[in-house]
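Reader: Please take me through this model and, for each label you attach, set the value against the definition behind it.

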Amino acid sequence: IIMSDVKVADWGALTSEVDSMLDSNNAGGAIRVFCGARPPTTEDASARKDCFEAFSRSVDVFQDSQIATFVDELTDEDRAMLIKYVFAGMATGQGCGSLLKWHAAMVKHSGLGILARA
């Protein structure tokens with residue numbers, strides 16, 4: 001993935017889109033929203049917090065039994081982007097149990113190389 005090719009999201013629009021999908025019981029769609037946008041690196045702590053809270057809500061409502069299947073359906077680029085959110089989410093110290101399940105599913109699918117590709 002060439003990071004300059006990945007859009008930098010409008011975080012307010014992103015979190016609104018995610019919330020709308022979660023309201024429609026579309027956790028997979030909510031997670032896919034994050035696959036197309038780099039995690040925020042802005043100094044705006046509020047934007048980062050809102051983004052990672054939306055990501056956390058998305059993975060928290062996803063059923064554990066469906067994580068591996070969902071990860072298998074993602075592209076390599078999507079998994080590389082998603083692992084960035086998993087790591088950034090774990091750095092917040094919130095929802096780590098759920099995030100570790102996503103981490104395990106992605107490493108199982110892609111091997112440890114996913115960490116280097118991210």
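Author: The accessible surface of the protein chain comes to about 6,200 Å², of which 51% belongs to carbon and sulfur atoms; accessible areas come from the Shrake-Rupley method with a 1.4 Å probe, and for residues only the protein chains shown count as cover. This is a predicted model, in which local features need pLDDT of at least 70 and side-chain atom pairs count only at pLDDT 80 or more, while totals for chains, interfaces and linings use all residues. Residues are numbered from 1 along each chain as its sequence is written, and side-chain values use heavy atoms, with hydrogens and water left out.

Reader: What is the pLDDT average of the protein chain, and where is confidence lowest and highest?

Author: The average pLDDT, the predictor's confidence in each residue on a scale from 0 to 100, is 82 for the protein chain, and 87% of the residues score at least 70. Confidence is lowest in helix H7 (residues 113-117), with a mean of 73, and highest in H4, at 94. Over residues 1-8 the pLDDT is below 50, and this stretch has 14 contacts in the model beyond near neighbours in sequence, a contact being heavy atoms within 4.5 Å.

Reader: How many helices and strands does the protein chain have?

Author: The protein chain has 7 helices and 0 strands, where helices (H or I, at least four residues) and strands (E, at least two) are DSSP runs numbered from the N terminus. Of the contacts with a separation of 6 or more, 71% are between residues 24 or more positions apart.

Reader: Why does Val 18 count as buried?

Author: Buried means under 20% relative accessible area, exposed over 50% and partly exposed in between (1.4 Å probe, protein chains only). Val 18 has 0% relative accessibility, so Val 18 counts as buried. This residue is found in helix H1 (residues 11-23) and, leaving out residues up to four places away in sequence, touches Ala 30, Val 33, Phe 34, Ala 54 and Ser 58.

Reader: What makes the pair of Phe 62 and Trp 102 edge-to-face, and what sets it beside the pair of Phe 55 and Tyr 85?

Author: The whole structure holds 7 aromatic pairs. Rings of Phe, Tyr and Trp (its six-membered ring) pair if their centres lie within 6.5 Å, with planes under 30 degrees apart counted as stacked, over 60 as edge-to-face and the rest as tilted. Phe 55 and Tyr 85 form a tilted pair, at 5.3 Å centre to centre and 35 degrees between the planes; Phe 55 lies in helix H3 (residues 45-61) and Tyr 85 in helix H5 (residues 76-91), 30 residues apart. Phe 55 and Tyr 85 are buried. For Phe 62 and Trp 102 the ring centres are 5.1 Å apart and the planes stand at 65 degrees, so this pair is edge-to-face. Phe 62 sits in the loop between H3 and helix H4 (64-73), and Trp 102 in helix H6 (residues 96-110), 40 residues apart.

Reader: Why is Phe 62 called buried, and why is Phe 87 called partly exposed?

Author: Phe 62 has a relative accessible area of 9%, so it is buried, whereas Phe 87, with 35%, is therefore partly exposed. Phe 87 is found in helix H5 and forms a nonpolar surface patch with Leu 112 and Leu 115, with about 280 Å² of accessible area together. Patches are made of residues with over 30% relative accessible area and no salt bridge, with like charges joined within 9 Å and nonpolar side chains (Val, Leu, Ile, Met, Phe, Trp, Tyr) within 5 Å; a salt bridge is a side-chain nitrogen of Lys or Arg within 4 Å of a carboxyl oxygen of Asp or Glu.
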